[in-house]
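This report goes through selected strands, salt bridges and helix contacts, one topic at a time.

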Amino acid sequence: MRYAQGGGLTDAGRAARERVRLQAVERFEGGQKNREIAAVLRVSERSVERWRRQWRERGEAGVLSKGSPGRPRLSETQIVRLERELERGPLVHGWADQRWTLARIRTLIGRLFHVSYTVEGTWLLLKRHGWSWQQPARRAIERDDTAVEGLEEGDLAAGKSTAAERDAWIVFEDEAGQSMTPPRARTWGRIGQTPVVRVRGRGSGRVSMAGMTCCKPGERSRLIYRIREYRGRKGEPKGFGWQDFRDLVVRARIQLGGPIVLVWDNVRLHLTAGMREFITANADWLTVFQLPTYAPDLNPQEGIWALVKRDIGNLAAADLSQITRAVKRRLKQIQHSPGLVDSCLAGTGLIMDN
């Protein structure tokens, strides 16, 4: 394509570009992949991806050019490098917190490429290349990402192989608790006036929950759980002991009707001598694998707890029994909705080959 003086495209160049984009639209409608279109039209795959996004949002008109803005200030290679540096995070580049702002990204572009962007131009650049303003997920600094990345090829792969050989269920176990103070949930309110949720300041107690998300190729996903109340009475257990976990595993075997590959974390009660002896004594039907430390997002049972707590958000409970009833009701609903259980399994990103 030919450029006019000052960096803009000539009329012939603009016409040629419009033809290329129209050809891309025809190939989008034909279901071709980005890589194939980029190879045929001799453009970058990133450009095709951007055109496809514009086509989905606004149709053919969104793909057609709105005029020549001149040569891009950053090349495709520089964009790739910028995205790589952004993915490394603000801490690496000297900022005290982990928040990318437009002003910081503008500064980073100046440092890397000695090119000056306005804040508005930075926003357009990011938007054009598929970046958006998002609420980040939290992750523990102590987490061993190397262990997490190797999970699919290591322990989980071995667990799936063991389950296939034994025709066993893969069972993810986890615990959670809920006090009288309910989780906060979003609600509508007048602008400038923060909504207030009334909760009881008196009363003690806690509802402990232990649950198992169970899956097996060709079978409906299952949820097995146990609830325990603690009201602060003398001699009353505050939560579950290792014997309770043992009984829950036995109950799961009876309900599932077959061997179990149990996947859980490294909490102390999972590693007691009594539990280890129980696992060893029942090795004919029970195999145990442990998740990496600080990796709750790999356990689908965490997704189940999130569904439960979202349902009781802002609940003004009169007593602990009301919390317990609400928790049991929601768990029963999930138990009879295998699609919800499947969504929690899918949310971990672990491939279960169902």
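## Strand β1 and its partners

Strand β1 and strand β2 (residues 206-215) run antiparallel and are joined by 10 bridges. The model behind this and everything that follows is a predicted one. Within the pairing of these two strands, Phe-172 has Thr-213 in β2 as its bridge partner. β1 also pairs with strand β4 (residues 260-264), here in the parallel sense and over 4 bridges. In β4, Val-261 stands opposite Ile-170.

How many residues of strand β1 are buried? Of its 11 residues (169-179), 9 are buried, so the strand is largely enclosed by the rest of the structure. Buried here means under 20% relative accessible area.

## Salt bridges

The whole structure contains 8 salt bridges. Three of them are listed below, with the N to O distance and the elements that hold the two residues.

| Salt bridge | N to O distance | Location of the residues |
|---|---|---|
| Arg-46 and Glu-76 | 3.5 Å | helix α3 (residues 45-58) and helix α5 (residues 76-88) |
| Asp-244 and Arg-226 | 3.2 Å | helix α10 (residues 242-256) and strand β3 (residues 222-230) |
| Arg-228 and Asp-244 | 3.1 Å | strand β3 and helix α10 |

Asp-244 appears in two of these rows, with Arg-226 as one partner and Arg-228 as the other. Because Asp-244 lies in helix α10 and Arg-226 in strand β3, their salt bridge ties together parts that are 18 residues apart in sequence. The pair of Arg-228 and Asp-244 likewise links distant parts of the chain, 16 residues apart.

Is Asp-244 buried or exposed? Its relative accessible area is 12%, and with the limit for buried residues set at under 20%, Asp-244 therefore counts as buried. Arg-228 is buried as well. Arg-226, at 28% relative accessibility, counts as partly exposed.

The salt bridge between Arg-46 and Glu-76 links distant parts of the chain, with the two positions 30 residues apart in numbering. Arg-46 is partly exposed, with a relative accessible area of 23%, and Glu-76 is also partly exposed, at 35%. Through salt bridges that share partners, Arg-46 and Glu-76 join with Glu-83 in one network.

## Asn-34 in helix α2

Asn-34 is found in helix α2, which covers residues 34-41. With a relative accessible area of 18%, Asn-34 is buried. Which residue does the side chain of Asn-34 join in a polar contact of 2.6 Å? The partner is the side chain of Arg-52. Arg-52 also belongs to the set of residues in contact with Asn-34 once neighbours within four places in sequence are left aside; the others in that set are Glu-45, Val-48 and Glu-49.

## Helices α6 and α7

Helix α6 (residues 102-113) and helix α7 (residues 119-128) have axes that come within 9 Å and cross at roughly 90°. The two helices are therefore roughly perpendicular to each other. On the α6 side, the contact is made by Leu-102, Ile-105, Arg-106 and Ile-109. On the α7 side, Val-119, Thr-122, Trp-123, Leu-125 and Leu-126 take part.

Definitions and conventions:
Residues numbered from 1 in each chain as written. Predicted model: local features only at pLDDT ≥ 70, side-chain atom pairs only at ≥ 80, totals over all residues. Heavy atoms only, no water. Buried < 20%, exposed > 50% of the residue type's maximum accessible area, 1.4 Å probe, protein only. Polar contact = N/O pair within 3.5 Å; in protein donor to acceptor, adjacent residues only side chain to side chain. Contact = heavy atoms within 4.5 Å. Pairing = 2+ DSSP bridges. Salt bridge = Lys/Arg side-chain N within 4 Å of Asp/Glu carboxyl O. Axes fitted to C-alpha atoms, helices over the stretch in contact; angles between N-to-C directions. Parallel < 35°, antiparallel > 145°, perpendicular 65-115°, else oblique.
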